[in-house]
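Here are some notes for your reading of this model, set out as numbered points. Please keep the structure open beside them and look up each residue as it is named.

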Amino acid sequence: MATTEGVIGGYFEGIHYSHQPYFDNSTQREITTTIGQTAHLPCRVRNLADRAVSWIRKRDLHILTVGVLTYTNDARFQSLHSDGTEEWTLKISSTQLRDSGTYECQVSTEPKISLAFRLNVVVSRAHILGSGELYVKRGSHINLTCLVVETAEAPSFIYWYREGEVVNYSQRGGISVLTEKKSRSSRLLISRAEPPDSGNYTCIPSASDSASVLVHVLNGEQPAAMQHGNSSRGAVARLLPTLLLVCQLVRDATMSYTHSILR
C-alpha cells in the first residue's frame with residue numbers, strides 16, 4: 001500500500017485535516033547511543049483515534065511492533081506506550097552495531113503515513129594521550145590523561161588500574177585523580193615517582209573499551225630504546241668515512257671507463 005512519509009503538523013497534500021492523524025515533528029529523529037546501551041526512538045502521533053502505530057526496520061522492511069505487540073523474535077525490541085498519551089516509543093535494549101540504521105514509525109491511515117528515525121550505534125573507547133610507553137626519571141611526576149572518545153554521553157565513571165588492580169590512593173601519598181564529565185576526561189597524577197610505580201596503567205571508563213600505557217620509572221639510566229638509537233647513530237658516524245671512500249672509488253672507476261670508451 002502507498003505511504004506518505006513525514007506528514008507533519010496535520011497537513012496532507014496541502015490541506016489541513018484536523019481529524020486526521022499527523023506526526024508531531026518536535027521529537028528528536030536522530031539518536032546516537034553507545035554499543036550495549038538502551039536506545040529510545042520517540043514517535044508522537046496526534047489525532048490517532050482508532051488507528052494503529054507500527055515500527056518498521058527500513059533495511060529489511062521487518063515489522064517490529066504493532067501497537068504494544070512485538071512482531072519479532074528479537075526480545076530487545078519493544079514498543080512503549082502509556083494510555084492517554086500520544087507517544088509510541090521504540091525501545092531497543094543492549095544495542096549492537098548492526099542495529100544502526102533507519103526505523104519508521106508508521107500509522108495505519110489510507111494511504112499510510114510514516115516518519116523516519118535514524119539510529120547510530122557507536123563503539124566508545126578510551127585514549128591515553130601520548131605514546132604507548134612513558135619514561136620518567138625517579139623523583140619526577142607521572143602525569144597521565146585519559147579521554148573518552150566516540151561516545152554519545154559522558155561516562156558515569158573512569159577508573160585507573162595499575163597491573164590489573166585499581167590504583168590504591170591510600171598505599172602512598174602524592175596520588176590524585178581529576179575526572180571531568182563535561183570534557184569526558186580523567187587525569188592521573190603521581191608525584192615523586194619511584195621505580196615501584198612502574199608498570200602497565202589502564203584507563204577504564206564505563207561502557208567503553210579501555211586504553212593502556214606502559215610506564216618506566218628510571219634511576220637516571222637511559223631507556224634501552226634511546227640507547228639503541230644512540231648506538232645506531234654512532235655506528236653510522238664511524239662508517240661514514242668508509243662510505244665516502246667507496247663512493248669516490250666508484251666515481252673514479254666510472255669516469256675512467258667512460259674516458260676509455262670515448263677514445
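**Notes on the sheet, an aromatic pair and the confidence**

1. Strand 17 and strand 18 run antiparallel and are joined by 2 bridges. One residue pair to find here is Arg 162 with Glu 165, the latter being the bridge partner in strand 18. The hairpin that these two strands make has 2 residues between the strands, and in it Glu 163 takes a positive phi near 50°. Please bear in mind throughout that the model is a predicted one.

2. Strand 17, which covers residues 158–162, also pairs with strand 21, again in the antiparallel sense, and this pairing extends over 5 bridges. To locate it, start from Tyr 161, whose bridge partner in strand 21 is Thr 202.

3. Strand 21 (residues 199–205) pairs in turn with strand 22 (residues 211–218), where the sense is antiparallel and the bridges number 5. Within this pairing, Asn 200 stands opposite Leu 214 of strand 22.

4. These pairings belong to an open sheet of 5 strands, whose order is 15-22-21-17-18 and whose pairing is mixed. Which strands stand at the edges? They are strand 15 (133–137) and strand 18 (165–166), and because each has a single partner strand, one side of each is left without a neighbour in the sheet. As background, strands of a sheet pair through backbone hydrogen bonds, and they may do so in a parallel or an antiparallel way.

5. Turning to the aromatic side chains, the count comes to 3 aromatic pairs. One of them is formed by Phe 77 and Tyr 103, whose ring centres are 6.5 Å apart and whose planes meet at 40°, so the pair is classed as tilted, given that the tilted class lies between the limits of 30 and 60 degrees. Phe 77 belongs to strand 10 (residues 77–80) and Tyr 103 to strand 12 (residues 101–107), so the pair ties together parts that are 26 residues apart in sequence. Are these two residues buried or exposed? Both Phe 77 and Tyr 103 are buried.

6. Finally, a word on confidence: the pLDDT averages 84 over the chain, and 77% of the residues score at least 70. Over residues 7–16, however, the pLDDT is below 50, although this stretch has 19 contacts in the model beyond near neighbours in sequence. Residues 225–237 also have a pLDDT below 50, and for that stretch the model has 3 contacts beyond near neighbours in sequence.

Note on methods. Residues are numbered from 1 along each chain as its sequence is written. This is a predicted model: local features need pLDDT of at least 70, side-chain atom pairs count only at pLDDT 80 or more; totals for chains, interfaces and linings use all residues. Side-chain values use heavy atoms; hydrogens and water are left out. Rings of Phe, Tyr and Trp (its six-membered ring) pair if their centres lie within 6.5 Å; planes under 30 degrees apart count as stacked, over 60 as edge-to-face and the rest as tilted. Helices (H or I, at least four residues) and strands (E, at least two) are DSSP runs, numbered from the N terminus. Buried means under 20% relative accessible area, exposed over 50%, partly exposed in between (1.4 Å probe, protein chains only). pLDDT is the predictor's confidence in each residue, from 0 to 100. Contact means heavy atoms within 4.5 Å. Two strands pair if DSSP finds at least two bridges between them.
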